[in-house]
Amino acid sequence: MTETVEQHFDTTVARDQRIEPRDWMPDKYRATMIRQIAQHAHSEIIGMQPEGNWITRAPSLRRKAILIAKVQDEAGHGMYLYSAAETLGVDRAELTEKLISGRQKYSSIFNYPTLNYADVGVIGWLVDGAAICNQVPLCRSSFGPYARAMIRICKEESFHQRQGYELLMTMMRGTEAQRQMVQDATNRFWWPSLMMFGPPDDRSPNTGQSMAWRIKRHTNDELRQRFVDMTVPQADVLGVTLPDPDLRWNAERRHYDFGEPDWSELQSVIKGNGPCNVQRVAQRRAAHEDGAWVREAALAHAAKHADAAATPDGEPR
């Protein structure tokens, strides 16, 4: 009996093999992958802003070089991911338009301000740490181009996390004012970092199907627990206090218990009401508009060379 395309898709996923762009896939799978990859790409591009804001105010040439390299990496991650999304039949110009018009989202964490230089380190430690927990399993995502893009991204994100932690260790060995800066930044970014994994499993409409299709390998709550278990010992070494009075080791579960994030805050930020939502999108829109002449010049240059490569009868050389 000949296997149908639907059966072949199901078998490929069940065998833990990759779905490739030319393979048949359900429309909902394609739409889910476009939504997830686009949101991830947008997050990398918008995520350049909070830390890029500190490049000109970095305290030393070394710190400035590190920060420039990290922001450059984030731009590269966005490009890898837009390329992966394009294999599904969408255009990155279309995705950019959806971002700057508010029709597609990016990670809620980037709608919080960076108020002091310690925020740069805490973003590396907590935000990139949460991203690593979330993204390493995506290296085994069922969609091939996404999984392959994630391998390099995760390696670089791991380096960013270590850079952030090293910065915080340096500041914690400094003055009392520097230690207070680190604690303040930790207080502000802890709960938003926990929200990065998405709503609780019982309120997450997409988790079940994404798990069935092996796009995701762990639920939101599983990943959040993994992040907490990883981060608490690191906070102890740093000498900072995580701002959760319910945080304690549960010997029976062999995991840390922790408090409930304010999910109403997450929903408010997602709806565009976070501290920096308007600012982040406005800056991205302005950058896109300011760069229009570059895109036009590149297209004109490519068209000129395409014409020059054609013979008089219109056939390519």
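Helices here are DSSP runs of H or I with at least four residues, strands are runs of E with at least two, and both are numbered from the N terminus. Residues are numbered from 1 along each chain as its sequence is written. The model is predicted, so local features need pLDDT of at least 70, side-chain atom pairs count only at pLDDT 80 or more, totals for chains, interfaces and linings use all residues, and side-chain values use heavy atoms, with hydrogens and water left out.

**Exercise 1. Two glycines**

Task: find the helix that holds G164, decide whether G164 is buried or exposed, and then do the same for its contact G121.

Solution.
Step 1. G164 sits in helix α7, residues 144–172.
Step 2. Buried means under 20% relative accessible area, exposed means over 50%, and partly exposed is in between, using a 1.4 Å probe and protein chains only. G164 counts as buried because its relative accessibility is 5%.
Step 3. Contact means heavy atoms within 4.5 Å. Leaving aside neighbours within four places in sequence, G164 is in contact with G121, G124 and W125.
Step 4. Now turn to G121, which lies in helix α6, residues 118–135. G121 is buried, because its relative accessibility is 0%.
Step 5. With neighbours within four places in sequence again left aside, the contacts of G121 are G164, Y165, L167 and L168.
Step 6. For a distance along the way, take the C-alpha atoms of G121 and V182: they are 61 residues apart along the chain and separated by 8.2 Å.

**Exercise 2. Positive phi**

Task: for D16 and R254, give the phi angle and say where each residue is found.

Solution.
Step 1. D16 is not a glycine, yet its phi is positive, about 65°.
Step 2. D16 is in the loop between α1 and α2 (27–46), and it counts as partly exposed because its relative accessibility is 35%.
Step 3. R254, also a residue other than glycine, has a positive phi near 65°.
Step 4. R254 belongs to the loop between β1 (248–250) and β2 (255–257). At 58% relative accessibility, R254 counts as exposed.

**Exercise 3. Cysteines**

Task: how many disulfides are there, and how far is the nearest cysteine sulfur from C133 and from C154?

Solution.
Step 1. A disulfide is a pair of cysteine sulfur atoms within 2.5 Å. By this rule the count is zero.
Step 2. C133 is in no disulfide, and the nearest cysteine sulfur, that of C154, is 10 Å away.
Step 3. C154 is in no disulfide either, with the nearest cysteine sulfur, that of C139, 3.9 Å away.
Step 4. C133 counts as buried at 7% relative accessibility, and C154 counts as buried at 8%.

**Exercise 4. A pair of helices**

Task: describe how α8 and α10 pack, and name the residues that make the contact.

Solution.
Step 1. Two packed helices are described by the angle between their axes and the distance between the axes. Axes are lines fitted to C-alpha atoms, for helices over the stretch in contact, and angles run from 0 to 180 degrees between N-to-C directions.
Step 2. Helix α8 (residues 176–195) packs with helix α10 (residues 220–238) at about 145°, and their axes are 9 Å apart.
Step 3. On the α8 side the contact is made by W190, S193, L194 and M195, and on the α10 side by R224, F227, V228 and T231.
Step 4. Ala, Val, Leu, Ile, Met, Phe, Trp, Tyr, Cys and Pro count as nonpolar, Asp, Glu, Lys and Arg as charged, and the others, Gly among them, as polar. This contact of α8 with α10 has five nonpolar, two polar and one charged residues.

**Exercise 5. Empty space**

Task: which residues line the largest cavity, and which helix gives the largest share of the lining of the second largest pocket?

Solution.
Step 1. On a 1 Å grid over the protein atoms alone, a cavity is a set of points where a 1.4 Å probe fits but cannot get out, and a pocket is an open set with protein on both sides within 12 Å along at least five of seven lines; lining residues have an atom within 4 Å of a point. Grid points are joined across faces, edges and corners, and a volume is the space filled by probe spheres set on the points.
Step 2. The largest cavity has a volume of about 30 Å³. P50, I109, F110, Y112, I123, V127 and F189 line the largest cavity.
Step 3. The second largest pocket holds about 380 Å³ of space. Among its 16 lining residues, I45, M48, M79, R284 and H288 are the closest to its centre.
Step 4. The largest share of this pocket's lining, five residues, comes from α12.
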